[in-house]
Amino acid sequence: MRSRYTAYVRADVDYITETHDPKTRRHHDPDQARAWAEGSEWLGLEILETAEGGPEDREGTVDFLARYRNDEGEQEHRERSFFVKRDGVWYFSDGKPLGPKPIRLAGPKVGRNDPCPCGSGKKYKKCCAA
């Protein structure tokens with residue numbers, strides 16, 4: 001994963017193509033990859049989660065966040081990448097975009113019959129939840 005990110009930073013499309021799974025390579029568009037790589041200022045890679053992908057595994061996944069800047073400003077690309085090992089070599093097989101991180105409320109959940117947190121003195125269900 002990190003080597004492919006570095007290839008995008010360097011716009012090394014040959015490496016990006018070579019590390020794409022031969023069975024799914026037909027879906028890879030080198031011209032599009034080059035345009036994205038060259039049109040972006042790469043700001044960093046954060047590995048969010050991995051599953052499998054060890055020395056004895058034949059498959060693995062990597063969830064990551066890549067930050068970059070282009071004509072539209074700073075961007076984030078979140079993806080779950082799927083990798084396969086063929087003849088001892090790891091290849092990128094496919095990727096699935098991930099949505100933004102879910103927003104979690106910091107405080108406790110307000111019940112329908114609890115007093116409204118706005119301070120009106122009414123029940124939540126009759127005030128701000130209505």
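Begin by selecting Arg-2 and Arg-10 in this predicted model; both residues are exposed and belong to helix H1. They lie on the other side of H1 from the buried residues of that helix.

**The buried face of H1**

Next, select Arg-4, Tyr-5, Ala-7 and Tyr-8, which are the residues to view as buried in H1. Looking along the helix, one finds that they cover an arc of only 155° around the axis, so they are on the same side of H1.

Against which elements does this buried set pack? Display helix H2 (13-18) and helix H3 (30-38), together with the strands E1, E2 (59-70), E3 (73-86) and E4 (89-97): the buried residues of H1 pack against each of these elements.

**The two ends of H1**

Move to Met-1, which is located in the segment before helix H1 (2-10). Is Met-1 buried or exposed? Its relative accessible area is 23%, and Met-1 is therefore partly exposed, since the buried class requires a value under 20%. Now show the surroundings of Met-1: leaving aside residues up to four places away in sequence, it touches Ile-47, Val-62, Phe-64, Ser-81 and Phe-83. Of these contacts, Phe-64 merits a distance label, as its C-alpha atom is separated by 8.8 Å from that of Met-1, although the two residues are 63 residues apart along the chain.

At the other end, select Ala-11, which follows H1 and has a positive phi, near 55°.

**The aromatic rings**

Return to Tyr-5 and add Trp-42 to the selection. The structure holds seven aromatic pairs. One of them is formed by Tyr-5 and Trp-42, with 5.9 Å from centre to centre and 85° between the planes, an edge-to-face arrangement. This pair links distant parts of the chain: Tyr-5 is in helix H1 and Trp-42 is in strand E1 (residues 41-52), 37 residues apart. Both residues are buried.

Keep Trp-42 selected and add Trp-36. What is the geometry of the rings of Trp-36 and Trp-42? Their centres are 5.1 Å apart and their planes stand at 70°, so this pair is also edge-to-face, the class for angles over 60 degrees. The accessibility of the two residues can then be compared. Trp-42 has a relative accessible area of 13% and is therefore buried, whereas Trp-36, at 28% relative accessibility, counts as partly exposed.

To finish, display Tyr-5, Tyr-8, Trp-36, Trp-42 and Tyr-68 together: ring pairs link these residues into a cluster. Two members of this cluster, Tyr-5 and Tyr-8, are among the buried residues of H1 selected earlier.

Definitions and conventions:
Residues numbered from 1 in each chain as written. Predicted model: local features only at pLDDT ≥ 70, side-chain atom pairs only at ≥ 80, totals over all residues. Heavy atoms only, no water. Helix = DSSP H or I, 4+ residues; strand = E, 2+ residues; numbered from the N terminus. Buried < 20%, exposed > 50% of the residue type's maximum accessible area, 1.4 Å probe, protein only. Contact = heavy atoms within 4.5 Å. Phe/Tyr/Trp six-rings, centres within 6.5 Å; stacked < 30°, edge-to-face > 60°. Arc of directions from axis to C-beta.
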